[in-house]
Amino acid sequence: QRTGVLLCINGCGITNRWIKNMTGSVLNYQQMNAAAATVEPGSNGLQVIPFGNGAERMLNNRVIGAGIINLDYNTHTAAHLFRAVQEGIAFAFRYGTDIMKENNIYPSVVRAGRANLFLSGVFTEAFVNSTGIPVELHAGDGSTGAALGAGIGAGIFRNQEEAFDRRKPLTTVEPSAEKKYEELYAIWKENLLDTITKTSELCQD
């Protein structure tokens, strides 16, 4: 038997779409990624908590909502928002991988399709450096990975190694700025925990 652990984050992809819609952006996602790349890591103090899509399993089924923190009308532009959203999503993954590590699960590599948010260099950089986990980007998307997983489960492949034997990564992205992103993540986590505390107090009231 195989035991799988699923890191589920409801608010990720929808946060990126939401910020596109709410800014009235005529940009497509590729252009949004390019705009985000013009902003330095940390989005000049702007941070986004991307949990606005209902209860989050890794937050013990709490509904804490999403948040935009430290927004300055005189400083921040749509590009800052685009970057802050992608960094916030990456930090949410870091929070989740820390929970996995508390349960003695230590990912050594993430294999992902070169699709969706992994088309963004900003997101990929934030993900790799905040989690400290290298990412192999492959041709295809999530459906390809699901099919390979199903093939392993159904016995079409003897094991994970055989399933990936003929699939070579297009590129591998290694952590290169962990110290910087660790500092940014620490601030984000503090804001997240503060949001959780305030939400709990409101529920009690």
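The charged end of Lys20 sits over the ring of Tyr29, with 5.7 Å to the ring centre. A second contact of this kind involves Arg111, whose charged end sits over the ring of Phe164 at 4.9 Å from its centre. Both descriptions come from a predicted model, as does everything that follows.

Arg111 leads on to the pockets. The largest pocket holds about 1,700 Å³ of space. Its lining is made up of 40 residues, and those closest to the centre are Val5, Val109, Val110, Arg111 and Ala112. Five elements give two or more residues each to this lining: helix H1 (12–22), helix H3 (78–102), strand E3 (110–113), helix H4 (121–131) and helix H5 (142–154). Of these, H5 gives the most, with 7 residues. By class, the lining of the largest pocket divides into 23 nonpolar, 13 polar and 4 charged residues.

The second largest pocket has a volume of about 220 Å³. It is lined by 15 residues, of which Ile14, Thr15, Trp18, Gly52 and Ala66 are the closest to its centre. At least two lining residues come from each of H1, strand E1 (47–49) and strand E2 (67–69). H1 is the main contributor here, with 6 residues. The classes in this lining are 9 nonpolar, 5 polar and 1 charged. Helix H1 thus appears in the lining of the largest pocket and also in that of the second largest.

The aromatic rings are the next topic. A pair of aromatic rings is described by the distance of the centres and the angle of the planes. The structure has 8 aromatic pairs. In one of them, Phe93 and Phe127 meet edge-to-face, with 5.5 Å from centre to centre and 70° between the planes. Because Phe93 belongs to helix H3 and Phe127 to helix H4, this pair ties together parts that lie 34 residues apart in sequence. The partners differ in exposure: Phe93 has a relative accessibility of 22% and so counts as partly exposed, while Phe127, at 5%, counts as buried. The cut-off that separates these two classes is 20% relative accessible area.

Phe118 and Phe123 form another edge-to-face pair, with their centres 5.2 Å apart and their planes at 75°. Here both Phe118 and Phe123 are buried. Aromatic residues also group beyond pairs, since Phe51, Phe91, Tyr185 and Trp188 form one aromatic cluster.

Note on methods. Residues numbered from 1 in each chain as written. Predicted model: local features only at pLDDT ≥ 70, side-chain atom pairs only at ≥ 80, totals over all residues. Heavy atoms only, no water. 1 Å grid on protein atoms, 1.4 Å probe; cavity = no way out; pocket = protein on both sides within 12 Å on 5 of 7 lines; lining within 4 Å. Points joined across faces, edges and corners; volume = space filled by probe spheres on them. Helix = DSSP H or I, 4+ residues; strand = E, 2+ residues; numbered from the N terminus. Nonpolar A, V, L, I, M, F, W, Y, C, P; charged D, E, K, R; others polar. Phe/Tyr/Trp six-rings, centres within 6.5 Å; stacked < 30°, edge-to-face > 60°. Buried < 20%, exposed > 50% of the residue type's maximum accessible area, 1.4 Å probe, protein only. Lys NZ or Arg CZ within 6 Å of the ring centre and 35° of its normal.
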